[in-house]
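Below are some notes for a colleague who has the model open at the bench. They take up the ligand surroundings, one histidine and the charged pairs in turn.

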Amino acid sequence: MVVVGIGIRPNTDLFEGQLTLDKGGIKVNGRMQTSNSSVYAVGDVAAFPVKLFGESRRLEHVDAARKSAKHAVAAIMDPEKTGEFDYLPFFYSRVFILSWQFYGDGVGEVVHFGDFSRNTFGAYWVNKGHLVGSFLEGGTKEQYEALSKVTRLKPAIEDVSELERQGLGFALVVSQEAAAATTIAATWLLVALPSLLLDHYMSGAQLLVLLWQYR
Ligand SMILES: Cc1cc2nc3c(=O)[nH]c(=O)nc-3n(C[C@H](O)[C@H](O)[C@H](O)COP(=O)(O)OP(=O)(O)OC[C@H]3O[C@@H](n4cnc5c(N)ncnc54)[C@H](O)[C@@H]3O)c2cc1C
């Protein structure tokens, strides 16, 4: 048996002349609302703004379908507390013993890494001097999380051959550095900032009022 993927096309005929169409699907805003604000679209059919790319995309993946649906429900049920959908495009799949994950955008120069004769290998995509996409076959949970983080960070890449040399290690190091920087910033906010304010500007009571206001 041979299975050939010939692509898919959402059936939007029903909405012609009713809703604004875009990229072969239905145009929505960051709250998954169509041009008729009481009609929402999610999943394969929705063309939504992807903040990371600065443009609208239609993503035909399970994760995007689930998360866009969840976001639409939140926007309907709790509009005050629900912001714009901020989604890192993500695709996973499995075929027999192979399983892989992809994050971001597959545009620009492809930088391969790993051993293609073994189980773990992958690729980065570098576009306009920034890492914009990543792919890994046969990774661990920690490695996939690192790829996800590094892709969202879109780090500047000055030397593509150095990125190729570091391979998966690049994602692990950058994501660990980002986590450490977040911890330092949080510690500073919790420990150093209050004592600085107390020393120089305000009483303990004033600080408590300030913290209460911004809780
Ligand atoms: C062969 C194949 C393999 C795939 N593999 C992967 C994968 O490995 N990883 C991954 O992330 N994604 C994969 N995808 C994509 C993934 O399946 C889709 O992104 C996901 O199912 C989209 O969910 P959805 O709810 O938007 O649409 P769908 O799952 O297509 O659901 C739409 C539903 O609407 C129904 N419908 C259509 N028109 C009407 C109508 N007029 N009235 C009532 N009902 C209607 C349809 O029958 C269907 O049940 C694959 C897709 C295909 C086809």
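How far is an oxygen atom of the ligand from an N or O atom in the side chain of Asp 44? The distance is 2.7 Å, and the points below set this value in its surroundings.

1. Basis of the values. This is a predicted model, in which local features need pLDDT of at least 70 and side-chain atom pairs count only at pLDDT 80 or more, while totals for chains, interfaces and linings use all residues. Residues are numbered from 1 along each chain as its sequence is written, and side-chain values use heavy atoms, with hydrogens and water left out.

2. Polar contacts of the ligand. Besides the pair with Asp 44, an oxygen atom of the ligand lies 2.4 Å from an N or O atom in the side chain of Ser 93, and an oxygen atom of the ligand lies 3.1 Å from a polar backbone atom of His 61. A polar contact is a pair of N or O atoms within 3.5 Å; within protein, one must be able to donate a hydrogen and the other to accept it, and residues adjacent in sequence count only if both atoms are side-chain atoms. The protein covers 32% of the 1000 Å² of accessible area that the ligand has on its own (Shrake-Rupley method, 1.4 Å probe; for residues, only the protein chains shown count as cover).

3. The shell around the ligand. H1 and strand E5 (90-95) are the elements that give two or more residues to this shell, and E5 gives the most, with three residues. Helices (H or I, at least four residues) and strands (E, at least two) are DSSP runs, numbered from the N terminus. Among the residues around the ligand are Gly 43, Glu 60, Val 62, Ala 65, Phe 91 and Tyr 92, where a residue counts as near if one of its heavy atoms lies within 4 Å of the molecule or strand.

4. His 71. This residue is found in helix H1 and, at 14% relative accessibility, counts as buried (buried means under 20% relative accessible area, exposed over 50%, and partly exposed in between, with a 1.4 Å probe and protein chains only). The side chain of His 71 reaches the backbone oxygen of Gly 83 at 2.9 Å. Leaving aside neighbours within four places in sequence, His 71 is in contact with residues including Gly 30, Met 32, Thr 82 and Phe 85, contact meaning heavy atoms within 4.5 Å.

5. A salt bridge within H1. Lys 67 forms a salt bridge with Asp 63, their closest N and O atoms being 3.0 Å apart; the term means a side-chain nitrogen of Lys or Arg within 4 Å of a carboxyl oxygen of Asp or Glu. Both residues lie in helix H1 (residues 62-77), four residues apart, about one turn of the helix. Lys 67 counts as partly exposed because its relative accessibility is 40%, whereas Asp 63 counts as buried because its value is 10%.

6. Other salt bridges. The structure holds eight salt bridges. Glu 145 and Lys 141 meet in one of 3.2 Å, N to O, and they are separated by about one helical turn because they are four residues apart in helix H2 (residues 141-153). Salt bridges that share partners also join Glu 55, Arg 57 and Asp 105 into one network. Asp 115 and Arg 118 form a further salt bridge, with the closest N and O atoms 3.2 Å apart; Asp 115 is partly exposed at 32%, and Arg 118 is exposed at 61%.
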